[in-house]
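Q: Could you take me through this model one feature at a time, giving the general idea before the particular case?
A: Gladly; let us look at the structure together and begin with a sheet.

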Amino acid sequence: MSPIVQVRGLRYAYEDGTEALKGIDFELQPGETVALLGANGSGKTTFALHLNGLLRATSGTIAIDGLELRESNLKEIRRRVGLVFQDSDNQLFMPTVLEDVAFAPLAAGINSTAALAKAWLALEQVGMAHKAGKAPWHLSAGEKKRVAIAGILAEEPKILVLDEPTTFLDPPGQRGLAELLSSLPQAKILITHDVPFAARLAEVAVFFQEGRIAAKDTIPTIVRQFDW
Ligand SMILES: Nc1ncnc2c1ncn2[C@@H]1O[C@H](COP(=O)(O)OP(=O)(O)O)[C@@H](O)[C@H]1O
Ligand SMILES: [Mg+2]
C-alpha cells in the first residue's frame, strides 16, 4: 500500500529565524490514525500547517495520495487534506451553521443545491443537523467542534488533521468527539496532549521534540519513554 501522506526531510524556519521543523520524515497509510505527541513548541502545529500548504517548507517534500504539494496543485491538496484548527472560532464565520458548512463546497464552485446537500450530509454525520439554523457562536464548544468538522467533511477530504481537538471540551464532549472521529473512515493525524483520547483513536504515535520526530511507537511505549 502506498502512503496517503508522505513527508521527507521537511524543514521550516519562521521569519524571525525560529527553526520550527528540523528535518521531518513522516508517513501515514490510508485509513490509519497516528497521534502527534510532544511538548508545547515542539513543532506539531507548524507541521500540521504544512500538510495543506498553509505554510510552505523551507526544504523537503510533501506528497498527499501521490500528489506532490506544489503551488500549482494547492487547491487539490487542500481538498484532500482537511485541517481542523485548535480553536473552532477561527474556523466558523458564517451567520448560520448550515451556511458555514456549505461555504467550502459553494466556494469550490458547485451549484447551491449540491452544496447544500453536501452540507446537510456532513451535519448529519456529526450529529448537528438539528442545529443547522443556529448561529455558530451560540453553540457550546463541543458543538462548535462538530460543526467545524462538518465544514471539513463537506469537502470530502481523504485525510483529517486535527490540532488539539479536545482543548475546549468537557469530558462528555471529549468522549463524544472520540466516538465521532472513530466513525469517520478518513486517515487521521491527531495532535493532542490528551493521552487517553489519543489511545482511543490511535495505536501509534510519533513524538515531536524540538522540531524533530524523536520516536514512533505504540502510545504506551511513547508515554513510558518520554516524560514531558
Ligand atoms: N508565527 C510564528 N512566528 C515565529 N515563531 C513561531 C510562530 N509560530 C510558532 N513559532 C515557534 O515555532 C516553534 C514550534 O511551534 P508550534 O508548531 O506552535 O509547536 P506546538 O504546536 O508543538 O506547540 C516554537 O518554537 C514556536 O515558538
Ligand atoms: Mg500547537
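Q: In what order do the strands of the open sheet of 6 strands lie, and what is their pairing?
A: In general, the strands of a sheet pair through backbone hydrogen bonds, and this pairing is either parallel or antiparallel. In this structure, which is a predicted model, the open sheet of 6 strands follows the order β6-β7-β8-β3-β9-β10, and its pairing is mixed. The edges are held by β6 (81-84) and β10 (212-218), and because each has a single partner strand, one side of each is left without a neighbour in the sheet. On average, and with direction ignored, neighbouring strands of this sheet are turned by 20 degrees against each other.

Q: Which helix packs on this sheet, and which strands does it touch?
A: Helix α1 packs there, touching β3 (33-38), β6, β7, β8 and β9 (204-209), and its direction makes about 150 degrees with that of β7. As for β7 (residues 159-163), it pairs with β8 (residues 187-191) in the parallel sense over 5 bridges, and within this pair Ile 159 has Ala 187 in β8 as its bridge partner.

Q: What is the strand order of the open sheet of 4 strands?
A: That sheet has the order β2-β1-β4-β5, with antiparallel pairing. Here β2 (19-28) and β5 (67-68) stand at the edges, and since each has a single partner strand, one side of each lacks a neighbour in the sheet. Strand β4 (residues 59-64) is joined to β5 by 2 bridges, the two strands running antiparallel, and Ala 63 stands opposite Glu 68 in β5.

Q: How should I read the packing of helix α5 and helix α6, and at what angle do their axes cross?
A: Two packed helices are described by the angle between their axes together with the distance between the axes. For α5 (residues 141-153) and α6 (residues 171-183), the axes come within 10 Å and cross at roughly 20 degrees. Angles under 35 degrees count as roughly parallel, so α5 is roughly parallel to α6. Their crossing is right-handed. The contact is made by Ala 141, Gly 142, Lys 145 and Arg 146 of α5 and by Gly 173, Gly 176, Leu 177 and Leu 180 of α6, which by class gives 3 nonpolar, 3 polar and 2 charged residues.

Q: Finally, how many residues surround ligand 1, and which are the closest?
A: The shell around ligand 1 holds 13 residues, the closest being Tyr 14, Ala 20, Lys 44, Thr 45 and Thr 46. Helix α1 (residues 44-51) supplies the largest share of this shell, 3 residues, and by class the shell divides into 3 nonpolar, 8 polar and 2 charged residues.

Definitions and conventions:
Residues numbered from 1 in each chain as written. Chains lettered and ligands numbered in written order. Predicted model: local features only at pLDDT ≥ 70, side-chain atom pairs only at ≥ 80, totals over all residues. Near = placed C-beta within 6 Å. Nonpolar A, V, L, I, M, F, W, Y, C, P; charged D, E, K, R; others polar. Pairing = 2+ DSSP bridges. Axes fitted to C-alpha atoms, helices over the stretch in contact; angles between N-to-C directions. Contact = placed C-beta atoms within 7 Å. Parallel < 35°, antiparallel > 145°, perpendicular 65-115°, else oblique. Left-handed = near helix turned anticlockwise from the far one by under 90°.
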